[in-house]
Amino acid sequence: MMAHAEAAGIMTGDPMIGSDRVEGTTVYDPSGNDIGKIKRLMIEKMSGRVTYAVMSFGGFLGMGEEEHTIPWNKLNYDTTLGGYRTDITEEQLKGAPSFYREDDYRWSDRDRERELHDYWRAPYYWGM
């Protein structure tokens, strides 16, 4: 059995995690404030890579909450918080593009994906 690391930023436990364990995980802003939860992951079919996390925030007991799609590379797991830390603020979430459902967004529209990545100042997950 391998020893589990205790320091922040060092993986502990298994190197893989099931998506059901990621869903519901808290997302923290740069100051460590809870700004929402991961609702679902978007996975590229061909590569199997996680490309986006749909994050819910606001509301109370599931009522009035909003959802926003953020690039997966904007999240870093923080072992000290037991959740994902991001440089995204709650204010940025409030002004973010709100496309996350098929009615709002066609996932095959690369221009819309560029808009999303540019808003979050995140590198594109696909090759240029």
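The exercises below work through a predicted model of one protein chain, each with a solution in steps.

**Exercise 1. Describe the overall make-up of the protein chain: how many helices and strands does it have, and which pattern do they follow along the sequence?**

Solution. Begin by counting the elements, which gives three helices and six strands. Next, read them along the sequence, where they follow the pattern α-β-β-β-β-β-β-α-α. Then turn to burial: of the 128 residues of the protein chain, 34% count as buried. Finally, consider the contacts with a separation of 6 or more, of which 40% are accounted for by residues 24 or more positions apart.

**Exercise 2. Reconstruct the sheet: in which order do its six strands lie, and which are the edge strands?**

Solution. The first step is to set out the order, which is S4-S3-S2-S1-S6-S5 in an open sheet with mixed pairing. The edge strands are S4 and S5, each of which pairs on one side only. From one strand to the next, the twist averages 40 degrees. As background to the pairings that follow, the strands of a sheet pair through backbone hydrogen bonds, in either a parallel or an antiparallel sense.

The second step is to follow the pairings from S1 to S4. Strand S1, residues 26–28, is joined to S2 by three bridges, and the two run antiparallel; within this pair, Tyr-28 has Asp-34 of S2 as its bridge partner. Five residues lie between the strands of the S1 and S2 hairpin, where Gly-32 takes a positive phi near 90 degrees.

S2 and S3 also form a hairpin, with six residues between them, and in its turn Gly-48 has a positive phi of about 80 degrees. The two strands pair in the antiparallel sense over six bridges, and the bridge partners in S3 include Met-55 for Ile-38 and Ser-56 for Lys-37.

S3 in turn is joined to S4 by six bridges, again with the strands antiparallel, and here the bridge partner of Tyr-52 is Pro-71 in S4.

**Exercise 3. Strand S4 lies at an edge of the sheet; how many of its six residues are buried, and what does this say about its surroundings?**

Solution. Start from the count, since five of the six residues of S4 are buried, and S4 is therefore largely enclosed by the rest of the structure. Then look at the packing of helix H3 on the sheet, where H3 touches S3 and S4 and its direction makes about 90 degrees with that of S4.

**Exercise 4. For Leu-41, Lys-74 and Arg-121, decide which are buried or exposed, and list what the first two touch.**

Solution. Take Leu-41 to begin with, a residue of strand S2. Its relative accessibility is 15%, and because buried means under 20%, Leu-41 counts as buried. Leaving aside residues up to four places away in sequence, Leu-41 touches Ser-19, Val-22, Val-50, Tyr-52, Ala-53 and Trp-72. The C-alpha atom of Leu-41 is separated by 10.0 Å from that of Pro-71, although the two residues are 30 residues apart along the chain.

Continue with Lys-74, which is found in the loop between strand S4 (66–71) and strand S5 (76–78). With a relative accessible area of 10%, Lys-74 is buried by the under 20% criterion. With the same sequence neighbours left out, its contacts are Arg-85, Thr-86, Asp-87, Ile-88, Trp-120, Arg-121 and Ala-122.

Arg-121, one of the residues that Lys-74 touches, lies in the segment after H3. Its relative accessibility is 69%, and because exposed means over 50%, Arg-121 counts as exposed. The phi of Arg-121 is near 55 degrees, a positive value in a residue other than glycine.

**Exercise 5. Characterise the second largest pocket: what is its volume, which residues line it, and which elements supply them?**

Solution. The volume of the second largest pocket is about 250 Å³. Its lining is made up of Met-42, Ile-43, Glu-44, Lys-45, Thr-51, Tyr-52, Trp-107, Arg-110, Glu-113 and Tyr-125. Assigning these to elements, one finds that strand S2 (34–43), strand S3 (50–57) and helix H3 (110–120) each supply at least two residues of the lining. Sorting by class then gives five nonpolar, one polar and four charged residues. Tyr-52, one of the lining residues, is also among the residues that Leu-41 touches.

Conventions. Residues numbered from 1 in each chain as written. Predicted model: local features only at pLDDT ≥ 70, side-chain atom pairs only at ≥ 80, totals over all residues. Heavy atoms only, no water. 1 Å grid on protein atoms, 1.4 Å probe; cavity = no way out; pocket = protein on both sides within 12 Å on 5 of 7 lines; lining within 4 Å. Points joined across faces, edges and corners; volume = space filled by probe spheres on them. Helix = DSSP H or I, 4+ residues; strand = E, 2+ residues; numbered from the N terminus. Nonpolar A, V, L, I, M, F, W, Y, C, P; charged D, E, K, R; others polar. Buried < 20%, exposed > 50% of the residue type's maximum accessible area, 1.4 Å probe, protein only. Contact = heavy atoms within 4.5 Å. Pairing = 2+ DSSP bridges. Axes fitted to C-alpha atoms, helices over the stretch in contact; angles between N-to-C directions.
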